[in-house]
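I opened a fresh page for this chain and wrote down what I looked up, in the order I got to it.

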Amino acid sequence: MRVGLRQFKRPLCYVMALLYVVAGGLHFVVPELYVQIVPPVLPAALALVYLSGVAEIAVGLGLLVPRTRSYAAWATIALLVAIFPANVYMAVSMVTIEGTGGGDPSVLVRWARLPLQGVLILWAYWYTD
């Protein structure tokens, strides 16, 4: 099984990189969506949204370069840990996300994001070697 997964390692790295670059870019396109899930105890929500957007773009680009891939993977893990409080806040506070067009995510989707962070961390860890 391990050999079978190895053949997908490089393509999945490009997929992951693209996901982070796109997600980071969305922080600049629709920052108001992200501001809503920044826990109110944190200062300067908009600045944090932009900062996390820059970080997501940076790790995504870093994952594309073999020389920086391991560092970018560790940075991705750190970023996922750093943004985890926003996902917890979104799940427990039942924030109504304005401007989504399709309505609020369901309770299941809100809570599913939490274990998804673990999956994303493991995915990034795969590239730390």
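**Leu61.** I started with the exposure of Leu61: its relative accessible area is 46%, so it is partly exposed. The residue belongs to helix α4. This is a predicted model, so everything here is read from a prediction. I then looked for something far off in sequence and found Leu18, which is 43 residues away along the chain. Their C-alpha atoms are 8.2 Å apart.

**Leu26.** Next I checked another leucine, this one in helix α2. Leu26 has a relative accessibility of 36%, so I put it down as partly exposed too. What does Leu26 touch, once neighbours within four places in sequence are left aside? I noted Pro31 and Tyr34. I also took the C-alpha distance from Leu26 to Tyr50, 24 residues apart in sequence, and got 9.7 Å.

**The whole chain.** I stepped back for the overall layout. The chain has six helices and zero strands, so my element string from the N terminus reads α-α-α-α-α-α. It has 129 residues, and 32% of them count as buried. About 7,800 Å² is exposed, with carbon and sulfur atoms supplying 74% of that area. For contacts with a separation of 6 or more, I wrote down that 66% come from residues 24 or more positions apart.

**α2 against α4.** How do these two helices pack? Their axes are 7 Å apart and the angle is about 160 degrees. An angle over 145 degrees counts as roughly antiparallel, so that is what I call α2 relative to α4. The crossing is left-handed. On the α2 side I listed contact residues including Cys13, Met16, Ala17, Tyr20, Gly24, Gly25 and Phe28. On the α4 side, the residues include Val49, Tyr50, Gly53, Ile57, Gly60, Leu61 and Leu63. Leu61, where I began, is thus one of the α4 residues in this contact.

**α4 against α5.** I did the same for the next pair. Here the angle is about 155 degrees and the axes are 8 Å apart, which makes α4 roughly antiparallel to α5. α4 passes α5 in a left-handed crossing. From α4, the residues that meet α5 include Ser52, Ala55, Glu56, Val59 and Leu63. Among their partners in α5 are Arg69, Ala72, Thr76, Leu79 and Ile83.

**Thr76.** I wanted a closer look at one residue of α5, and Thr76 lies in that helix. Is Thr76 buried or exposed? It is buried, with a relative accessible area of 0%. Leaving aside neighbours within four places in sequence, Thr76 is in contact with Tyr20, Val59, Leu63 and Ala124.

**Leu63.** That list sent me to Leu63. With neighbours within four places in sequence left out, Leu63 is in contact with Cys13, Met16, Ala17, Tyr20, Arg69, Ala72, Ala73 and Thr76.

**The nonpolar core.** In soluble globular proteins, nonpolar side chains tend to be buried together. I looked up the largest nonpolar core here, and it has 15 residues. Which members touch the most others? I noted Met16, Tyr20, Leu63, Leu120, Trp123 and Tyr127. The elements giving two or more residues to this core are α2 (9-29), α4, α5 (69-93) and α6 (107-125). α5 gives the most, with five residues.

**Val38.** Then I turned to the loop between α3 and α4, where Val38 sits. Its relative accessible area is 12%; buried means under 20%, so Val38 is buried. Leaving aside neighbours within four places in sequence, I found Val38 in contact with Ala45, Leu48, Val49 and Tyr89. I also checked Val38 against Ile83, 45 residues away along the chain, and their C-alpha atoms are separated by 8.8 Å.

**Ala44.** My last stop was in the loop between α3 (31-35) and α4 (45-64), which holds Ala44. Most residues other than glycine have a negative phi. Ala44 is not a glycine, yet its phi is positive, about 50 degrees. I looked up its exposure as well: at 51% relative accessibility, Ala44 counts as exposed.

Technical notes:
Residues are numbered from 1 along each chain as its sequence is written. This is a predicted model: local features need pLDDT of at least 70, side-chain atom pairs count only at pLDDT 80 or more; totals for chains, interfaces and linings use all residues. Side-chain values use heavy atoms; hydrogens and water are left out. Helices (H or I, at least four residues) and strands (E, at least two) are DSSP runs, numbered from the N terminus. Buried means under 20% relative accessible area, exposed over 50%, partly exposed in between (1.4 Å probe, protein chains only). Contact means heavy atoms within 4.5 Å. Accessible areas come from the Shrake-Rupley method with a 1.4 Å probe; for residues, only the protein chains shown count as cover. A nonpolar core is a set of buried Ala, Val, Leu, Ile, Met, Phe, Trp, Tyr and Cys residues joined through side-chain atoms within 4.5 Å. Axes are lines fitted to C-alpha atoms, for helices over the stretch in contact, and angles run from 0 to 180 degrees between N-to-C directions. Angles under 35 degrees count as roughly parallel, over 145 as roughly antiparallel, 65 to 115 as roughly perpendicular and the rest as oblique. A crossing is left-handed if the near helix is turned anticlockwise from the far one by less than a right angle, and right-handed if clockwise.
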